[in-house]
Amino acid sequence: MKLFPALLSLAIAGVVCGRNAWAADAKPAATPTATAEAETLQRLADMHRQQVQKLGELEILRQDHTHPNSFPPESQTLVLRLGNGVEVVTERRMENNVVVQKDYFLNDNRVYAYRVTRHDPSMDDKTKRVSESQFLFDKGNPVYNVLVAVRVPMNEESPSFAKAKEQVLPIPAGLEGWGDKLTVRAFDIARGFRSGVGRYAFGDWDGWLLKKAPPEDKTPQTQRERPKDWLPSPDTLVLPIADSLSPDGLYEIGWGYEKGPVDWKKLAFMEGPDDGPNYPTFSTKLADGPLTPEMEEDGDFVVNHVTGKTLVKLDMDYPGERQRFNHDELNAHWSPSSTCFVVQAEQKWSTEYAQVGWIKDGSCEGAYHILEVLEHAAEDAVKKSKHPAAARLKKTGDEHEGYSFTLSKIMVEDDGRFEARVVGQIPKDDLPSGLYEVILEGAFSPGEKGGPAKLKVGKTRVLPPMKNE
């Protein structure tokens with residue numbers, strides 16, 4: 001039954017540059033789920049197909065934003081496609097070679113289709129995984145979710161999904177009205193064009209473009225959008241950590257508290273315009289003065305981005321909502337369908353925490369530590385190699401020199417399979433034997449309660465020695 005023509009030939013560069021790169025592959029769609037009637041899906045699919053076919057005829061407005069003072073550098077591009085009002089809104093962000101693009105498709109001023117595309121570099125930076133998760137909505141409620149993912153060369157900007165296998169994914173409960181929230185976000189982006197691009201070409205901007213727009217969401221969508229005096233409400237318990245959102249947009253990693261109210265003013269910190277961001281961020285590490293005992297009980301969580309509810313508290317101790325605090329950094333890695341994740345917290349010389357977990361039917365089935373099993377696997381591989389670090393790793397007792405261990409990169413799949421690049425180093429040691437790098441391939445599976453994940457090693461590759469910088 002051909003019901004859902006997934007837009008499998010998305011070209012990110014084409015969308016951003018305004019070229020007509022949006023074309024539907026003539027590929028049979030998957031069978032609809034039991035949560036939606038076939039006639040509803042057919043209607044939505046037909047609407048989607050017709051809209052895609054006319055995208056080249058639409059007026060295009062674009063804004064580019066770069067943040068050269070951030071580390072690493074990041075950029076954001078916003079695109080409006082206008083026809084019968086706002087028809088498609090695109091926001092695209094690039095940071096640290098990871099590209100995330102969100103496309104909001106509207107009909108009659110309401111989002112009925114939503115697509116999230118991610119480009120994740122592989123361990124050797126020669127290839128990347130491109131995944132695309134797409135939802136259909138009926139009356140604001142998600143009724144269909146399909147995923148495709150491919151591996152392509154790193155420099156390929158317009159990958160084709162024509163030969164990719166579609167996965168129809170179950171939709172977790174509790175997402176009623178999500179489409180309406182996406183509609184608010186789409187129009188908030190459109191409002192941002194009023195002060196610059198667009199208002200001269202379209203004089204009756206409010207009366208035409210925003211005539212049926214939902215009320216503006218006053219909550220800042222990003223940290224950069226916050227006014228200087230912004231504070232979360234006291235009943236807000238958890239704040240999302242920047243750049244931790246899952247590929248389907250449903251989950252993210254958060255920082256905060258299990259119980260409230262929270263004195264966010266005590267936790268607020270704002271750097272000056274010359275030495276950092278000029279907007280408030282929140283952290284126990286940067287808090288103004290000593291904290292009361294209950295405010296020291298902060299933690300890290302997996303959060304449902306749509307509902308704001310926490311799924312599980314992680315056994316980690318990352319101290320705030322920013323992705324980076326000088327040498328401290330938090331990175332979230334997701335499988336294409338957002339069902340498996342790895343979260344890691346970095347310090348100056350090593351990875352402090354790293355956990356793998358699984359999400360099923362909107363609930364987290366558990367999270368397990370992985371550093372210990374990865375370190376043992378890497379050291380075993382080095383000891384069996386001709387790498388100069390092998391002899392130092394084999395020493396025991398007082399002669400053994402401890403290496404700090406860093407999870408440099410990781411890419412995880414839905415079933416727990418992974419590729420990881422890990423580093424062991426003796427800080428400030430200039431000898432080739434003071435640093436090793438290993439690429440590991442294998443699979444994680446849940447461990448015992450309170451214990452590490454189980455690791456099945458499939459392949460190891462010890463990289464040639466290099467001088468420790």
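What follows is a working chat about the cores, one sheet, the salt bridges and the cysteines of a predicted model.

Colleague: Which residues have the most contacts inside the largest nonpolar core?

Modeller: In this predicted model, the residues with the most contacts inside that core are Y104, W178, I253 and L267, and the core as a whole has 55 residues. Its largest share, six residues, comes from helix α3, which covers residues 178-191.

Colleague: And what is L267 in contact with, leaving aside its neighbours within four places in sequence?

Modeller: With those neighbours set aside, L267 touches W255, Y257 and V262, then T281, F282, S283 and T284, and finally A287, L291 and M295.

Colleague: How many residues are in the second core?

Modeller: That core is separate and has 31 residues, including V342, V356, A378 and L407.

Colleague: Switching to the sheet of four strands, what is the strand order?

Modeller: The order is β20-β21-β22-β23, the pairing is antiparallel, and the sheet is open. Because β20 (404-412) and β23 (454-462) are at the edges with a single partner strand each, one side of each has no neighbour in the sheet. On average, and ignoring direction, neighbouring strands of this sheet are turned by 30 degrees against each other.

Colleague: Over how many bridges do β21 and β22 pair?

Modeller: Strand β21, residues 417-425, pairs with strand β22, residues 435-445, over nine bridges in the antiparallel sense. As one position to look at, V423 is opposite E437 in β22.

Colleague: Which helix lies across those strands?

Modeller: That is helix α6, residues 371-383, which lies across β20, β21, β22 and β23 and runs at about 125 degrees to β22.

Colleague: New topic: how many salt bridges are there in the whole structure?

Modeller: A search of the whole structure gives 22 salt bridges. One of them joins E87 to K54, with the closest N and O atoms 3.1 Å apart. This pair links distant parts of the chain, since E87 is in strand β3 (residues 85-95) while K54 is in the loop between α2 (38-53) and β1 (59-67), 33 residues apart.

Colleague: Are E87 and K54 buried or exposed?

Modeller: E87 has 4% relative accessibility and therefore counts as buried, whereas K54, at 31%, counts as partly exposed.

Colleague: What about D103, which residue does it form a salt bridge with?

Modeller: D103 forms a salt bridge with R115, where the closest N and O atoms are 3.2 Å apart. D103 is in strand β4 (residues 98-107) and R115 in strand β5 (residues 110-121), so the pair ties together parts that are twelve residues apart in sequence. Both D103 and R115 are buried.

Colleague: And how far apart are the closest N and O atoms of R417 and D415?

Modeller: They are 2.8 Å apart in that salt bridge. R417 is partly exposed at 45% relative accessibility, and D415 is partly exposed too, with a relative accessible area of 48%.

Colleague: Which residues are linked in a network of salt bridges?

Modeller: R118, D120, R129 and E413 are linked in such a network.

Colleague: Last thing, how many disulfides does the count come to?

Modeller: The count comes to zero disulfides. For C340 the nearest cysteine sulfur is that of C364, 9.9 Å away, and a disulfide would need the two sulfur atoms within 2.5 Å.

Colleague: Are C340 and C364 buried or exposed?

Modeller: C340 counts as buried at 0% relative accessibility, and C364 also counts as buried, at 16%.

How values were computed
Residues are numbered from 1 along each chain as its sequence is written. This is a predicted model: local features need pLDDT of at least 70, side-chain atom pairs count only at pLDDT 80 or more; totals for chains, interfaces and linings use all residues. Side-chain values use heavy atoms; hydrogens and water are left out. A nonpolar core is a set of buried Ala, Val, Leu, Ile, Met, Phe, Trp, Tyr and Cys residues joined through side-chain atoms within 4.5 Å. Buried means under 20% relative accessible area, exposed over 50%, partly exposed in between (1.4 Å probe, protein chains only). Helices (H or I, at least four residues) and strands (E, at least two) are DSSP runs, numbered from the N terminus. Contact means heavy atoms within 4.5 Å. Two strands pair if DSSP finds at least two bridges between them. Axes are lines fitted to C-alpha atoms, for helices over the stretch in contact, and angles run from 0 to 180 degrees between N-to-C directions. A salt bridge is a side-chain nitrogen of Lys or Arg within 4 Å of a carboxyl oxygen of Asp or Glu.
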